[in-house]
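This report looks at aromatic pairs, nonpolar cores and one helix. Please keep the model open while reading.

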Amino acid sequence: MTAHLEVAPAPDVVCVGESMALVTPDPPAPLAGGGPMRLEVAGAESTVACYLAQLGVRTAWVSRVGADPLGDLIRSAIGRWGVDTSAVTVDPGAPTGVFFKDPGPGEPGRPHAGERPAAATRVYYYRGGSAASRLGPESPVPPAALTHLSGITPALSASCAALVEHLLGGRRCSFDVNYRPGLWPVDRAAPVLRDLAMRAEIVFVGLDEAQTLWGVSAPDDVRALLAGPSTLVVKDGSAGATSFHPGGVEFVATPPVEVVEPVGAGDAFAAGYLAGLLRGLPEAGRLTLGHRVAAAALGVPGDVAALGRRGSASLSPEGNSL
């Protein structure tokens with residue numbers, strides 16, 4: 001009798017990029033004051049993965065962590081959300097990255113669309129020479145219907161930049177511009193991020209970061225600059241999000257949100273939109289789901305909100321349970 005081995009289905013989405021240990025004052029207060037701290041996990045691409053998994057999407061996260069307790073923490077914490085972490089490499093020769101969150105005063109009650117308020121949390125990174133900076137084109141990235149990348153990864157190292165180039169050259173990709181001024185200056189980042197975005201199928205960018213990078217002032221200007229992607233989603237803070245897609249142009253306003261902690265909401269928006277795309281929702285439904293997942297993220301102090309605890313009905317564009 002021949003034994004049949006069960007093969008796990010390929011993920012719908014694979015998210016590729018660095019996640020780090022996150023240290024935050026607890027309760028939230030300026031870092032300079034010292035006091036108790038909370039140790040968590042955060043990273044743009046893994047945040048997208050955690051929300052996608054909660055929304056019922058088969059999701060894998062690919063990265064590299066150190067052979068240290070922080071690497072163990074990251075893999076277990078992300079895996080607990082239902083994300084497949086089996087392709088994460090453990091590197092015995094480099095440490096897991098760490099960053100510190102320095103909470104600002106915030107702007108409670110301000111409507112939001114997954115972008116940070118002007119007077120918001122600052123972050124301080126200690127990721128130079130991290131295990132994830134050793135990612136490269138040879139890194140094992142499983143096949144998937146969609147590969148999600150961000151503009152953070154190419155700023156980490158030459159090999160990371162080569163990995164992003166490699167994936168964009170042979171896969172269906174979504175790309176979040178996600179400009180981080182602490183990683184590289186505008187004059188170096190602007191042409192690189194534009195080139196990468198031009199080669200992705202789906203691109204997310206905040207209007208504020210597009211203004212910083214390329215000097216554009218309106219969503220139409222961003223589309224004129226980034227004509228390559230079949231779908232371009234421009235997020236404009238408290239106003240809403242505009243999607244330029246094969247069927248035309250769609251705008252969905254941002255719902256009012258009580259902001260507890262803004263960091264991570266842009267990644268939540270991307271996850272909601274991509275989940276809507278994979279479900280076959282119309283463009284307005286994708287944007288609406290993006291807003292609703294971002295609102296859930298804005299309502300909690302951590303980077304990832306537990307969507308089920310907030311009520312799954314509130315995350316459905318049709319008002320039904322997910």
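The sections below treat ring contacts, then the cores, then helix α8.

## Basis

The structure is a predicted model.

## Aromatic pairs

How many aromatic pairs does a search of the whole structure find? The search finds three. Two of them are described here.

F100 and Y126 form an edge-to-face pair. Their ring centres are 5.7 Å apart, with 85° between the planes. F100 sits in strand β7 (residues 98-102) and Y126 in strand β8 (residues 122-126), so the contact ties together parts 26 residues apart in sequence. F100 is partly exposed, at 28% relative accessibility. Y126 is exposed, with a relative accessible area of 53%. That value counts as exposed because the cut-off is over 50%.

The rings of F204 and Y273 also pair edge-to-face. Here the centres lie 5.5 Å apart and the planes meet at 85°. This pair links distant parts of the chain. F204 belongs to strand β11 (residues 202-206), Y273 to helix α7 (residues 265-279), and 69 residues separate them. Are these two rings buried or exposed? F204 is buried, with a relative accessible area of 0%. Y273 is buried as well, also at 0%.

## A charge over a ring

R127 places its charged end over the ring of Y125. The distance to the ring centre is 4.7 Å.

## Nonpolar cores

The largest nonpolar core holds 47 residues. Which residues have the most contacts inside it? They are Y51, L52, W61, F204 and L274. F204 thus appears both here and in the edge-to-face pair with Y273.

Several elements give two or more residues to this core: β1 (13-16), α1 (44-54), α2 (69-79), β11, α7 and α8. Helix α7 supplies the largest share, nine residues. L52 shows how sequence-distant parts meet. Neighbours within four places aside, L52 is in contact with V13, C15, V57, T59, A271, L274 and A275.

Another core lies apart from the largest one. It has 43 residues, including L149, L168, V216 and L225.

## Helix α8

Helix α8 covers residues 283-298, 16 in number. From first C-alpha to last, α8 reaches 23 Å. That is close to the 22 Å expected at 1.5 Å a residue.

Is α8 mostly covered or mostly open? Mostly covered: 14 of its 16 residues are buried. α8 is also among the elements that give two or more residues to the largest core.

Technical notes. Residues are numbered from 1 along each chain as its sequence is written. This is a predicted model: local features need pLDDT of at least 70, side-chain atom pairs count only at pLDDT 80 or more; totals for chains, interfaces and linings use all residues. Side-chain values use heavy atoms; hydrogens and water are left out. Rings of Phe, Tyr and Trp (its six-membered ring) pair if their centres lie within 6.5 Å; planes under 30 degrees apart count as stacked, over 60 as edge-to-face and the rest as tilted. Helices (H or I, at least four residues) and strands (E, at least two) are DSSP runs, numbered from the N terminus. Buried means under 20% relative accessible area, exposed over 50%, partly exposed in between (1.4 Å probe, protein chains only). A charge sits over a ring if NZ of Lys or CZ of Arg is within 6 Å of the ring centre and within 35 degrees of the ring normal. The expected span of a helix is 1.5 Å times one less than its number of residues. A nonpolar core is a set of buried Ala, Val, Leu, Ile, Met, Phe, Trp, Tyr and Cys residues joined through side-chain atoms within 4.5 Å. Contact means heavy atoms within 4.5 Å.
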